[in-house]
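Here are some short exercises to work through with the model open on your screen. Try each task yourself before reading the solution beneath it.

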Amino acid sequence: MELFGVSIISIYLAVLVISAVLILFSIFFSDIIHADIGILNPTLLLSFLTILSACGYLLERYSGMNSLLILGLSAIAALIAAICFHFFVLIPLSSAEESLVYNEESLKGRIGKVITAVPKDGFGEIMIESTSGHISKTAASFYNEVIENGTETIVVEVRDRICYVVPYDG
């Protein structure tokens, strides 16, 4: 079948290549050019177009079905995949992104473990466990005392990205 003098297989292949290039473009420049308009999310639109064109190309190439039936089946498959992508990938990622962020004020009162000994008038390193993993921070003793490697500490204050800690007795 042809549309505007171009074979439908060529149209599917062109849409597939163009949407793949746009996906790469959106991956690299999504932080600079942020265009999220609810359901018209560019990621969802591009995933829909990619799956539609890939299914359409494969069905046109390897099956003997009618072109309109192929377009309908491809659109249904792309719609189902885009909906699943939205609900099972994009929504969980958008809510998880906020929980991974911490600020230095939130470190006050947290318990950490010394992984590099803190000398009397110097700096060491502590590791603080969080829900998103481990946070490693430069540490200094709050009372200018030596804190040995492996000691549990509590963060008293944070100044200039340095955690001032004291040993934690439980």
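**Exercise 1. The two sides of a helix**

Which exposed residues does the face of H1 turned away from its buried side carry? Keep in mind as you look that this is a predicted model.

*Solution.*
Step 1. Find helix H1, which covers residues 8-29. Its 22 residues reach 31 Å from the first C-alpha to the last, close to the 32 Å expected at 1.5 Å a residue.
Step 2. Mark the buried side: Ile8, Tyr12 and Ser19 are buried in H1. Looking down the axis of H1, you find its buried residues within an arc of 45 degrees, so they line one face of the helix.
Step 3. Recall the helix geometry: an α-helix has 3.6 residues a turn, so residues three or four places apart point the same way.
Step 4. Now turn to the face directed away from the buried side of H1, where you meet the exposed residues Ile18, Val21 and Phe28.

**Exercise 2. A threonine and its neighbours**

Decide whether Thr50 is buried or exposed, and list what Thr50 touches.

*Solution.*
Step 1. Locate Thr50 in helix H2, residues 42-62.
Step 2. Compare its relative accessible area of 19% with the cut-off: buried means under 20%, so Thr50 is buried.
Step 3. Leave aside residues up to four places away in sequence; Thr50 then touches Leu16, Ser19 and Ile23.
Step 4. Look at the serine in that list: the side chains of Thr50 and Ser19 are joined by a polar contact of 3.1 Å. Ser19 is itself one of the buried residues of H1.

**Exercise 3. Following the strand pairs**

Work out which strands pair with E7 and in which direction they run, then trace the pairing onward from E6.

*Solution.*
Step 1. Begin with E7, residues 162-167, where 5 of the 6 residues are buried.
Step 2. Take E5 (residues 133-141), which is parallel to E7 and joined to it by 3 bridges. Here Ala139 stands opposite Cys163.
Step 3. Take E6 (residues 152-159), which is antiparallel to E7 and joined to it by 6 bridges. Ile154 has Val166 as its bridge partner in E7.
Step 4. Move on from E6 to E3 (residues 111-116): these two run antiparallel, with 3 bridges, and Gly112 stands opposite Thr153.
Step 5. Finish with E4 (residues 124-130), joined to E3 by 4 bridges in an antiparallel arrangement. Gly112 turns up again, with Ile128 as its bridge partner in E4.

**Exercise 4. Positive phi outside glycine**

Find where Asn144 and Asp160 lie, and say how accessible Asn144 and Asp160 are.

*Solution.*
Step 1. Asn144 is in the loop between E5 and E6. Its phi is positive, about 55 degrees, although Asn144 is not a glycine.
Step 2. With a relative accessibility of 43%, Asn144 counts as partly exposed.
Step 3. Asp160 lies in the loop between E6 and E7, strands that form a hairpin with 2 residues between them. Phi of Asp160 is positive too, near 50 degrees.
Step 4. Asp160 has a relative accessible area of 74% and is exposed.

**Exercise 5. The whole chain**

How many helices and strands are there in the protein chain, and in what order do they run?

*Solution.*
Step 1. Count the elements: there are 3 helices and 7 strands.
Step 2. Read from the N terminus: the order is β-β-α-α-α-β-β-β-β-β.
Step 3. Add the burial: 25% of the 170 residues count as buried.

Key: Residues numbered from 1 in each chain as written. Predicted model: local features only at pLDDT ≥ 70, side-chain atom pairs only at ≥ 80, totals over all residues. Heavy atoms only, no water. Buried < 20%, exposed > 50% of the residue type's maximum accessible area, 1.4 Å probe, protein only. Pairing = 2+ DSSP bridges. Expected span 1.5 Å × (residues − 1). Arc of directions from axis to C-beta. Polar contact = N/O pair within 3.5 Å; in protein donor to acceptor, adjacent residues only side chain to side chain. Contact = heavy atoms within 4.5 Å.
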